[in-house]
Amino acid sequence: MRQRNDTLAAARSRLESKQARLTPARRLVIETLDGSSGPQSAADIAVTIAGAIPMSSLYRTLTVLEETEVIERFPDQTGIARYELAEWLTGHHHHMTCITCGATSDVAVPGDLEATVIDIVSQVGRRFDFEVTGHRLDLQGVCSQCR
Ligand SMILES: [Zn+2]
Ligand SMILES: [Zn+2]
């Protein structure tokens, strides 16, 4: 089981390898994303941290963490940038996005189903002479709240 201290230690060494420091603001954003059930927008993070970081500083913090690959920007159809900890920190997972309310949650796919996904993705790669090194699988649909 992954521990928060491991995540922070791994993030700290990544930042240091890029000549950056784990500042209190960066630490708070990492902890907030670590405790989230899905990708978060800057506005979501601002609500969670209740103004602990001024908005302009929060945007700069997100930029640094994205540039150092501690966090990833989640491709979102709504045009709102959402962020999550990079997969090398959190492990491989997929997403489910509700097309009605926009709620996005992480999904850890069970191993047998993940094997099926990898098989399909590899077959597609072979057909187009493409060496697959990874994949993202984001499901769109309507969540139980919105149905
Ligand atoms: Zn919904
Ligand atoms: Zn997968």
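The following exchange introduces a predicted model of a protein with bound zinc ions.

Trainee: In what order do the helices and strands of the protein run from the N terminus on?

Mentor: The secondary structure comes to six helices and six strands. The C-alpha atoms of the protein fill a box of roughly 45 × 40 × 30 Å along the principal axes. From the N terminus on, the order of the elements is α-α-β-α-α-β-β-α-β-β-α-β.

Trainee: What percentage of the contacts in the protein with a separation of 6 or more comes from residues 24 or more positions apart?

Mentor: The protein has 147 residues, and buried residues make up 34% of them. Among contacts with a separation of 6 or more, the share from residues 24 or more positions apart is 52%.

Trainee: Which geometry does the site of the zinc ion (ligand 1) have?

Mentor: Cys-98, Cys-101, Cys-143 and Cys-146 coordinate this ion through their SG atoms, at 2.3 to 2.4 Å. The angles among the four donor atoms are 103 to 120°. Four donors count as tetrahedral if all angles lie between 85 and 135 degrees. The geometry of the site of ligand 1 is therefore tetrahedral.

Trainee: How many residues apart are Cys-101 and Cys-146?

Mentor: Along the chain, the donors of the zinc ion (ligand 1) have the spacing C-x2-C-x41-C-x2-C. Cys-101 lies in the loop between β4 (94-98) and β5 (104-107), whereas Cys-146 lies in the segment after β6 (138-141). This pair links distant parts of the chain, and its separation is 45 residues.

Trainee: Are Cys-101 and Cys-146 buried, partly exposed or exposed?

Mentor: Cys-101 has a relative accessible area of 46%, and Cys-146 has 28% relative accessibility. Buried means under 20% and exposed means over 50%. Cys-101 therefore counts as partly exposed, and Cys-146 likewise counts as partly exposed.

Trainee: Which parts of the chain do His-92 and Glu-114 tie together at the zinc ion (ligand 2)?

Mentor: The zinc ion (ligand 2) is coordinated at 1.9 to 2.6 Å by donors from His-92, His-94, Glu-114 and His-135. These donors follow the spacing H-x1-H-x19-E-x20-H along the chain. His-92 and Glu-114 are 22 residues apart in sequence, so the pair ties together the loop between α5 (87-90) and β4 and helix α6 (residues 111-127).

Trainee: Which of these two residues, His-92 or Glu-114, is buried?

Mentor: His-92 has a relative accessible area of 34%, so this residue is partly exposed. The relative accessible area of Glu-114 is 11%. Since buried means under 20%, the buried residue is Glu-114.

Trainee: Is α3 parallel, perpendicular or oblique to α4?

Mentor: Ala-42, Ala-43, Ile-45 and Ala-46 in α3 meet Met-55, Leu-58, Tyr-59 and Leu-62 in α4. The crossing of α3 past α4 is right-handed. Helices α3 (residues 42-49) and α4 (residues 55-67) pack with their axes 11 Å apart, at an angle of about 120°. The relation of α3 to α4 is therefore oblique.

Trainee: Where along the chain is Glu-69, and what is its phi?

Mentor: Most residues other than glycine have a negative phi. Glu-69 is partly exposed, with a relative accessible area of 43%. Glu-69 is placed in the loop between α4 and β2 (71-74), and its positive phi is near 65°.

Trainee: What is the phi of Gln-19?

Mentor: Gln-19 is in the loop between α1 (4-17) and α2 (24-34). At 73% relative accessibility, Gln-19 counts as exposed. Its phi is positive, near 55°.

Note on methods: Residues are numbered from 1 along each chain as its sequence is written. Chains are lettered from A and ligands numbered from 1 in the order in which they are written. This is a predicted model: local features need pLDDT of at least 70, side-chain atom pairs count only at pLDDT 80 or more; totals for chains, interfaces and linings use all residues. Side-chain values use heavy atoms; hydrogens and water are left out. Donors are N, O and S atoms within 2.8 Å of the metal (3.2 Å for Na, K and Ca); water is not among the atoms, so sites may look incomplete. Four donors count as tetrahedral if all angles lie between 85 and 135 degrees; four count as square planar and six as octahedral if opposite donors are over 155 degrees apart and all others between 65 and 115; anything else is irregular. Helices (H or I, at least four residues) and strands (E, at least two) are DSSP runs, numbered from the N terminus. Buried means under 20% relative accessible area, exposed over 50%, partly exposed in between (1.4 Å probe, protein chains only). Axes are lines fitted to C-alpha atoms, for helices over the stretch in contact, and angles run from 0 to 180 degrees between N-to-C directions. Angles under 35 degrees count as roughly parallel, over 145 as roughly antiparallel, 65 to 115 as roughly perpendicular and the rest as oblique. A crossing is left-handed if the near helix is turned anticlockwise from the far one by less than a right angle, and right-handed if clockwise. Contact means heavy atoms within 4.5 Å.
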